[in-house]
Amino acid sequence: MTRKLTDSEAWRALQAHRASLAGFSLRDAFARDERRFERFSRRFGAAGGELLIDFSKHLIDERALELLLDLAQASGVRARIDAMFAGARINVTEDRAALHVALRDLSPRPLVMDGIDVKAQAAAVRERFLDFAERVRAGAAAGHTGARFSDVVNLGIGGSDLGPQMMVQALAPFHDGPRVHFVANVDPAHLDATLRRLDPRSTLFIVASKTFTTAETMANARAARAWLAAALGEAAVERHFVAVSANARQAAAFGIAADRVFEFWDWVGGRYSLWSAIGLPIAIAVGRARFMEMLAGAHAIDEHFRTAPFADNLPVLMALVGLWYVDFWGAGTLSIAPYSQHLSRFVAHIQQLDMESNGKRVTVDGEVVDYATGPVVWGEPGTNAQHAYFQWLQQAPALAPVDFIVAAETEYDDDRHRMLVANCFAQSAALAFGKARQEARAEMIAAGVDELHAERLAPHREFPGNRPSTTILVRRFDPFALGMLTALYEHKVFVQASIWNINPFDQWGVELGKSIAARVAAALADSAVPLDAASAGLVAAWRAMRER
């Protein structure tokens, strides 16, 4: 049996230091150290001008950071990073590599796995799908009637939906191709609402499923195929459907031509796949050049992650600060607040990335953990979020760290953008520094409130502060920056998994529900199919309601 993480010297040192910080005050920390912002911030890019990450409003001091870095070293994080980039089979439960970094590796270095240069393999497929995207954008790849494609519908779920959908929305200012839509939910209302607005003559469908058997995706694909065939005939299917899949045989049986099947591999996890042919809708929306800029941004972070010392390594620092709260402060959630409407699906993507990866209860050795692993990830774009749940963040008893994300420049450089940025910075300051009861009381009295009333209201207007947050500031949310930002979170999750000694690349918790759903679906059609008593009761109630 391997030694428990919680028995390690590094872990015990962190526990002791956490106890010593019981009275830590962010107000006092900034008052004592006028350089705290500089010392706990890191910059990246040319002259540090592409990205700034501010860790100064966290419940840490130099000693805490030193001990967290010791934990990373003692946990073998460097060896795990090297193993991932070398193509080792670090996904031990499925005996696979995890080489999403190879999809955006633009360096001349080969990466050979099992005798195959996977970088060359990825580049060949990338060239095929980018060429197809450009032909769709130019009208050279057209529909059955010769009509140019005005709309593209991506049919996928999980990583085949959330990643590309997030990026397409995030890059909205750069769209100059057909409109792109995403349908994931097997609820007929989702596909129906999408198709109702479209013309079958100018609609292209992308079926995104590695196995070409994903239940929800294939149900929607069959419905979309029927809609198209009803309008244009069966012969139109070949011109209006493409597949992103490793199962060319099943795609051919569906009616998709071999030259319109774009491969990806078992060494690419779904939630890490937007850099592969799963990113075809992104390429159609913004074009080859901008897709490559997105890859270049991710690759820049990959190289930084691979080579930078841990004390300046942005994903490592993000991971350590997050682990500090999960395991030593009892904070079970992470709220993400992107101050950009275009990033309205960013949190959903990171939620899957983090919670599907690190929502694990056993180590890679099969031992049940005795510490918390991944947090609950949630959030909405600011400023909307401020009027929804920031009351809870500011004054509820629970501690919930926040990641604020904002850009210095946008295409709307007017007073509204400055208002947006002001709100972002102000909310992080309010969480950190709060408002003392005596300050609230004095403000009310200065505004003309009588002393007795001010005394009564002061507890309600007191803000405890000491609520931690990270602020991530990018120059602009362009393809390069969005590639950087997404890769940052990917590597953060990986570092945390490495310390917790869990496998972030499988998702057996997803598979259990799928297998039970297949059995329940059979029982909905045939009452003789046996089920557990609870499910059988629900199926019987469902039937009774339908028969009334």
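Which residues lie nearest the centre of the largest pocket? I began my notes with this, keeping in mind that the model is predicted.

**Entry 1: the largest pocket**

I found that T214, Q507, V510, E511 and K514 lie nearest the centre, out of a lining of 40 residues. The space in this largest pocket comes to about 1,000 Å³. I then looked up which helices take part, and noted that α10, α16 (346-358) and α22 (508-525) each supply at least two residues of the lining. Of the elements involved, α22 gives the most to the lining of the largest pocket, with eight residues. Sorting the lining residues of this pocket by class gave me 16 nonpolar, 15 polar and nine charged.

**Entry 2: the second largest pocket**

I turned next to the second largest pocket, for which I have a volume of about 500 Å³. Its lining is made up of 24 residues, and S340, Q341, Y412, H417 and L420 are the closest to its centre. Strand β12 (402-409) and helix α18 (415-433) each supply at least two residues of this lining, and α18 gives the most, with five residues. By class, I recorded ten nonpolar, nine polar and five charged residues in the lining of the second largest pocket.

**Entry 3: an aromatic pair involving β12**

Since β12 had come up, I looked at the aromatic rings as well. The search of the whole structure finds 23 aromatic pairs, and I picked out the one formed by Y339 and F404. The ring centres of Y339 and F404 are 6.1 Å apart and the planes stand at 40°, an angle between the limits of 30 and 60 degrees, so I entered the pair as tilted. Y339 belongs to the loop between β10 (333-338) and α16, whereas F404 sits in strand β12, so this pair ties together parts that are 65 residues apart in sequence.

**Entry 4: the enclosed space**

How many cavities of 30 Å³ or more does the structure hold? I counted three, and for the largest cavity I noted a volume of about 160 Å³. The largest cavity is lined by 17 residues, of which M318, V321, G322, L334 and K492 are the closest to its centre. Helix α15 (314-328), strand β10 and helix α21 (479-500) each supply at least two residues of this lining, with the largest share, five residues, coming from α15. I divided the lining of the largest cavity into nine nonpolar, five polar and three charged residues.

**Entry 5: a parallel sheet and helix α10**

Helix α10 had appeared in the lining of the largest pocket, and I wanted to see what else it touches. I first traced an open sheet of five strands, in the order β6-β5-β7-β8-β9, with parallel pairing. At its edges I found β6 (179-183) and β9 (261-262), each of which pairs on one side only. Within the sheet, strand β5 (residues 151-155) and strand β7 (residues 203-208) run parallel and are joined by five bridges; I noted that V152 stands opposite L204 in β7. Helix α10 (residues 215-232) packs on this sheet, where it touches β5, β6, β7 and β8 (241-244), and the direction of α10 makes about 160° with that of β7. I closed the entry with α10 marked down twice, as a helix packed on the sheet and as one of the helices that supply residues to the lining of the largest pocket.

Conventions
Residues numbered from 1 in each chain as written. Predicted model: local features only at pLDDT ≥ 70, side-chain atom pairs only at ≥ 80, totals over all residues. Heavy atoms only, no water. Pairing = 2+ DSSP bridges. Helix = DSSP H or I, 4+ residues; strand = E, 2+ residues; numbered from the N terminus. Contact = heavy atoms within 4.5 Å. Axes fitted to C-alpha atoms, helices over the stretch in contact; angles between N-to-C directions. 1 Å grid on protein atoms, 1.4 Å probe; cavity = no way out; pocket = protein on both sides within 12 Å on 5 of 7 lines; lining within 4 Å. Points joined across faces, edges and corners; volume = space filled by probe spheres on them. Nonpolar A, V, L, I, M, F, W, Y, C, P; charged D, E, K, R; others polar. Phe/Tyr/Trp six-rings, centres within 6.5 Å; stacked < 30°, edge-to-face > 60°.
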